[in-house]
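Visitor: I am new to this structure and would like a close look at a single part of it. Could you take me through the empty space inside, and then through what surrounds that space?

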Amino acid sequence: MGFRKKTNKNPPVLSHEFIIQNHADIVSCVAMVFLLGLMFEVTSKVAVLFITVQYNFTISANEESVVNHFHHGLKDLATIFFYMLVAIIIHAIIQEYVLDKINRKMHFSKTKHSKFNESGQLSAFYLFSFGWGTSILMSWGVPENFLSNPVSLWDGYPHTLMPFQMKFYFISQMGYWLHALPEIYFQKTKKEDIPRQLVYISLYLVHIVGAYILNLNRLALVLLVLHCFIELLFHVSRLVYFSNEKRQTGFSIWAVLFVLGRLLTLSLSVLTVGFGLSNADQQGLDLANGNFNVLIVRITVLATICVTQAFMMWKFINFQLRRWREQAQAQPVKPKKLQAPKTKSKKDKANGVNGVSSNGADSPRAKKEKSS
């Protein structure tokens, strides 16, 4: 892949192996084309569509202060594409300068090697997403203190206007999960692992894009921060497990938080979509104003969330059962204690001398005397 040391055998130009080894360099050149486009007046207008966040809307809070907000539109596709390229480059940098160095020291097997790379990449992403999302929630000014006031999750719907940080957060999320699709090819993912990766990438994209289009960004932000924290704990626990298989405490903590996270996700979703939006003032379908508060949309949103949470719980149960089975097989079987042979009592010894064994039969000496 890109940024790696060149091997003695150079693959043919534009072959599959050449693209896989040098994909980060190729993508970097494409991203540089957009950045260079900012330097020329002829191309700057096109380059701005890819690099900067679009659909700026200025609100005058008072005579002195001005607040910039953003809404979504088709031009966001260009911005998402550019930050998808950025995600590919960052992915290659983390792989080359962090994960590959650790892999060479630890000497993992092929199975552990792929899982370690996956958890390493996702740990960095979830840590970044959780920290960034938390900072947005803490600095959220409209409305303030929404954590203690859950009504703010649906109050004033549709939430078409977003602060810059919130819109850029969603753009980055969509760019990251889109970059995961070509990474399946770049990382030479095994055929048996491709369906699993396609499923969870599709689930992320469906939920994030759906919330972005339906203007449910407040609810989506809260649920994303919660989900990123739980997933971060899981992948960090897996990294610790690979370094020392005896350290499995993190999995137990993650298991409890995972179940609580599913319950909290369902509770907030039903509270916001099922009760909050159904009693909101603005009802009806209005595409111009971004209002999707109709019964069929609410049912579809809730059904999608419930099915996803049920699917995640099913995968969680299977994971726990497999883990317990592996732990049971790994435990060594205790060998049975051999019973020490019973020593003969004085009475038995006397009987043996007199010609009668301890089980009532004649001893060999008694048999010889009888026969004589």
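Guide: A cavity, as the word is used here, is a set of grid points where a 1.4 Å probe fits but cannot get out, and a residue lines a cavity if it has an atom within 4 Å of such a point. Please keep in mind that this is a predicted model. When the whole structure is searched, one cavity of 30 Å³ or more is found, and the volume of the largest cavity is about 50 Å³. Its lining is formed by Tyr157, Leu214, Leu216, Val273, Leu277, Phe292, Val297, Arg298 and Val301. Sorted by class, these lining residues comprise eight nonpolar, no polar and one charged; Arg counts as charged, so the charged one is Arg298. The element that gives the most to this lining is helix H10, which covers residues 295–330 and supplies three residues.

Some of these lining residues can also be placed against a record. The UniProt entry, which is unreviewed, gives the feature "transmembrane region" for several spans, including 198–214, 253–275 and 295–317. In the model, the span 198–214 is 94% helix and 0% strand, with its end C-alpha atoms 24 Å apart.

From the cavity we can turn to an open space, the second largest pocket, which holds about 350 Å³. It is lined by 16 residues, and those closest to its centre are Ala87, Ile90, Phe125, Phe128 and Tyr176. Helix H4 (76–106), helix H5 (110–138) and helix H6 are the elements that each give two or more residues to this lining. By class, the lining of this pocket has ten nonpolar, six polar and no charged residues.

Helix H6 leads on to a packing partner. Helix H6, residues 164–186, packs with helix H8, residues 217–243, at an angle of about 60°, and their axes are 12 Å apart. The crossing of these two helices is left-handed. On the side of H6 the contact is made by Met166, Tyr169, Phe170 and Gln173, while H8 brings Asn217, Ala220, Leu221 and Leu224. Six of the residues in this contact are nonpolar, two are polar and none is charged. The same UniProt entry also lists residues 168–186 and 220–241 among its transmembrane regions, and in the model the span 168–186 is 100% helix and 0% strand, its end C-alpha atoms lying 26 Å apart.

Key: Residues are numbered from 1 along each chain as its sequence is written. This is a predicted model: local features need pLDDT of at least 70, side-chain atom pairs count only at pLDDT 80 or more; totals for chains, interfaces and linings use all residues. Side-chain values use heavy atoms; hydrogens and water are left out. Axes are lines fitted to C-alpha atoms, for helices over the stretch in contact, and angles run from 0 to 180 degrees between N-to-C directions. Helices (H or I, at least four residues) and strands (E, at least two) are DSSP runs, numbered from the N terminus. A crossing is left-handed if the near helix is turned anticlockwise from the far one by less than a right angle, and right-handed if clockwise. Contact means heavy atoms within 4.5 Å. UniProt positions are given in the numbering used here, feature names are shortened, and annotations may be inferred rather than shown by experiment. On a 1 Å grid over the protein atoms alone, a cavity is a set of points where a 1.4 Å probe fits but cannot get out, and a pocket is an open set with protein on both sides within 12 Å along at least five of seven lines; lining residues have an atom within 4 Å of a point. Grid points are joined across faces, edges and corners, and a volume is the space filled by probe spheres set on the points.
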